Amino acid sequence: MSKIAAIVTSGYEDSELTSPMKALEDAGHQVEIIEDMAGNTITGEHGDKQKVDLGIDDANFDDYDALLLPGGGSPDALRADDRFNDFVKRFLLSNKPVFAICHGPQFFIQTGLASELKLTAYTTIRYDLFYAGAEVHDEPVVVDEKHKLVTSRTPDDLDSFNSEIVKFVK
């Protein structure tokens, strides 16, 4: 069983957290929600509510086998805090799998590593990622084998996204 960190705060796109979480949990893995403070309740754009398992200051990178970055407004809010950017950057540099959908790849701009990545994202941020140097594609799922990175564009891509992410965790 693998342990997956999900970096997320209120304003996330509900299905981009709940659907991958369910796929990973159905495959026998554990997903922990990490935000500013353990015990907080976060709310998705459409009313989904989730309890935060761990605060970022207590999250130990070494405890996790993969990272999930749901989209919506959450990534934009959290990337203003270097603690979250540093956590994401450690994953990209570690060769541990990273799964990002929709606006999730916004974190990669803050890490300074976008120019090394092959990915996709929501329409409006594909340009930001391109200008940051990323190799950007407009496909339902893009797998960057070199960095163990799986990205998707929107909730419409969740079936393909979920199918790919479960292949990357053991």
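Me: Two strands pair if DSSP finds at least two bridges between them. With that in hand, which residue in β11 stands opposite Val143?

Reply: Val150 is the one facing Val143. This is a predicted model, by the way. Strand β10 (residues 141-144) and strand β11 (residues 149-152) are joined by four bridges and run antiparallel. Together they make a hairpin with four residues between them, and Lys148 in the turn has a positive phi of about 50 degrees.

Me: Which way do the side chains of β10 point, and are they buried or exposed?

Reply: The general idea is that side chains in a regular strand alternate between the two faces of the sheet. In β10, Val141 and Val143 point one way while Val142 and Asp144 point the other. All of them, Asp144 included, are buried.

Me: Now the aromatics. How many aromatic pairs does a search of the whole structure find?

Reply: Four turn up. Take Phe61 and Phe91: their ring centres are 4.9 Å apart and the planes are at 75 degrees. Planes over 60 degrees apart count as edge-to-face, so that is the label this pair gets.

Me: Why does the pair tie together parts that are 30 residues apart in sequence?

Reply: Because Phe61 sits in the loop between β5 (54-55) and β6 (66-69), whereas Phe91 belongs to helix α3 (residues 82-94). Both Phe61 and Phe91 are buried. For another edge-to-face case, look at Phe130 and Tyr131, with centres 5.5 Å apart and planes at 65 degrees. Phe130 and Tyr131 are both exposed, though.

Me: Which residues form one aromatic cluster?

Reply: Phe61, Tyr64, Phe87 and Phe91. Check for charges over the rings too. Lys96 lies over the face of Phe61, 4.0 Å from the ring centre, and the charged end of Lys3 sits over Tyr64 at 5.3 Å from the centre of its ring.

Me: Which residues touch the most other members of the largest nonpolar core?

Reply: That core has 28 residues, and the best-connected members are Ile7, Leu67, Leu69, Phe87 and Phe108. Elements giving two or more residues to the core include β1 (3-7), β6 and α5 (123-131). Helix α3 supplies the largest share, five residues. A second, separate core holds 24 residues, among them Ile42, Ala66, Cys102 and Phe168.

Me: Leaving aside its neighbours within four places in sequence, what is Ile7 in contact with?

Reply: With that filter on, the partners of Ile7 include Leu67, Leu69 and Phe87, along with Ile34, Ile56, Ser74 and Phe107.

Key: Residues numbered from 1 in each chain as written. Predicted model: local features only at pLDDT ≥ 70, side-chain atom pairs only at ≥ 80, totals over all residues. Heavy atoms only, no water. Phe/Tyr/Trp six-rings, centres within 6.5 Å; stacked < 30°, edge-to-face > 60°. Buried < 20%, exposed > 50% of the residue type's maximum accessible area, 1.4 Å probe, protein only. Lys NZ or Arg CZ within 6 Å of the ring centre and 35° of its normal. Core = buried A, V, L, I, M, F, W, Y, C linked by side-chain atoms within 4.5 Å. Contact = heavy atoms within 4.5 Å.
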